[in-house]
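Reader: I have a new structure open and I'd like to learn how to read it. Could you walk me through it, one feature at a time?

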Amino acid sequence: MAPRAYWKGTLKLSLVSCPVVLYPATTAAEKTRFHLINRETGNRLKQQMIDSETGDVVESDQKGRGYELRKGKYVEIEPEELEAVQIESNHTIDIESFVPSEEIDQRYLNHPYYIAPDGKAAVDAFAVIRDAMKDQDRVALAKIVLTNREHIIAIEPFGKGLLGTTLRFPYELRDEDQFFDDIKSPKITKDMVELAGHILRTKAAHFDPGKFKDEYETALKALVKRKASGKTIELPEPEERPSNVVSLMDALKQSLKGRGGKKAAAKSHARRATGRHRAAKKAHRSTARHRKVG
C-alpha cells in the first residue's frame, strides 16, 4: 500500500503540466523515542504551560503568540493577523529556471521529497519533463507553498521519478567568516602533505550509505530490550584519555603503519628518486654532447 501523499498539486513547465504528489524522502519512524514518566506510578506525564512570572498554569484558551521586541516586552499577534500574511497555496510547482547542479551550495539543501505522477493520465507529461531534465543535466528551481510558507525547491531526475529538495533562504545561513577568520595559516612542509596524501589514498572508497551504521541507535534498542526483560545494565568503565602529546609528523607516520602506507611511501619515494636519477642522466648526456660538439 502506497504511503499517504504529503502534498498534491501540479508540476508545470511552461505550457506542459501534470498532476504530481510529494512524499517525504526521509523518516524518523525507526528512531528510538522516550516519553517522560512518573517514576512512582510509571504513568506518562503531560506537559503544562506555566506563566514565567506568576507560576500559574495557563489554560489553552489563554495561550497566544507574541514576538519579543526587547527583553520581557512582547507584542501579541492574533491568529487572524497571521492568516492575513500567509501565502495561499495554488498547489502548483511552477518551474522558473534550470541551473547546473554544481552551482547549488550544499548548505542550502534542506528537506528532500520524492515527486511522482498522480495517476496514469499524468505519466506521459511527467516523463517528458523528467527526461528533458536528464538530457540537459540541469536542476530545476521552482516555488512551492508547504504548510503556509513559500519555499524554493530544487528538482532533479531520480530513478523513475523526481527528487525535490527544499532550499534554505540566504538569511538562514551563517557567514563562514565568523568561524574561519581566526584560523591561522601555518607553514606545512611538503613531506607532511605527502604523508597525509598517502593516508587519504589508503582510505579511498566509493560512497555507500549501506555501510553507515547507527551504533547509538543499535545500543539504545539493546538497552531497552535488556531492561524490559529484567536484566541489569552494567555501566562501562570510563576510558582514559591519552595525555601524551605526539608531534604532527609522528602522528602521520604512525597512521601509515599497518595500512600499507610504508609500501606506498616507499614506492612514491622510489618514483621520485628514479625521476631525479633519470633527469640527472639526461642532463649529463646533454652536457657530454655539448662538450663533444664544442
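Author: Sure, and let's start with contacts. Arg-130 touches Pro-157, Gly-159, Lys-160, Gly-161 and Leu-162, leaving aside residues up to four places away in sequence. Keep in mind that this is a predicted model.

Reader: Where does Arg-130 sit along the chain?

Author: Look for helix 2, which covers residues 123–136; Arg-130 is found there.

Reader: And why does Arg-130 count as buried?

Author: The idea is to compare relative accessibility with a cut-off: buried means under 20%. Arg-130 comes in at 15%, so it counts as buried.

Reader: What share of the whole chain counts as buried?

Author: Of its 294 residues, 17% do. As for the outside, the chain exposes about 24,900 Å², with carbon and sulfur atoms supplying 53% of that.

Reader: How many helices and strands should I look for?

Author: You'll find seven helices and nine strands. You can also ask how contacts link up the sequence: taking those between residues at least 6 apart, 62% join residues at least 24 apart.

Reader: Let's go to the surface. Which residues make the nonpolar patch?

Author: Tyr-67, Leu-69 and Val-75 make it, and it spans about 310 Å². Take Leu-69 as a sample: you'll see it in strand 3, residues 65–70.

Reader: Is Leu-69 buried or exposed?

Author: The cut-off for exposed is over 50%. Leu-69 has 53% relative accessibility, so it counts as exposed.

Reader: What about charge: which residues form the negative patch?

Author: That one is formed by Glu-76, Glu-78, Glu-80, Glu-81 and Glu-83.

Reader: Which element gives the most to the negative patch?

Author: Helix 1, residues 79–85, with three residues. Glu-81 has its place in helix 1 too.

Reader: Why is Glu-81 called partly exposed?

Author: Partly exposed is the range between the buried and exposed cut-offs. Glu-81 has a relative accessible area of 42%, so it is partly exposed.

Reader: Can we finish with a loop? Where is Lys-46 found?

Author: Lys-46 is in the loop between strand 2 (16–24) and strand 3. It counts as exposed because its relative accessibility is 80%.

Reader: How far apart are the C-alpha atoms of Lys-46 and Leu-36?

Author: They are separated by 8.2 Å, and the two residues are 10 residues apart along the chain.

Conventions. Residues numbered from 1 in each chain as written. Predicted model: local features only at pLDDT ≥ 70, side-chain atom pairs only at ≥ 80, totals over all residues. Heavy atoms only, no water. Helix = DSSP H or I, 4+ residues; strand = E, 2+ residues; numbered from the N terminus. Buried < 20%, exposed > 50% of the residue type's maximum accessible area, 1.4 Å probe, protein only. Contact = heavy atoms within 4.5 Å. Patch = residues over 30% accessible without salt bridge, like charges linked within 9 Å, V, L, I, M, F, W, Y side chains within 5 Å. Areas by Shrake-Rupley, 256 points an atom, 1.4 Å probe, with all protein chains shown as cover. Salt bridge = Lys/Arg side-chain N within 4 Å of Asp/Glu carboxyl O. Lys, Arg positive; Asp, Glu negative; His and termini not counted. Charge placed at Lys NZ, Arg CZ, Asp CG, Glu CD.
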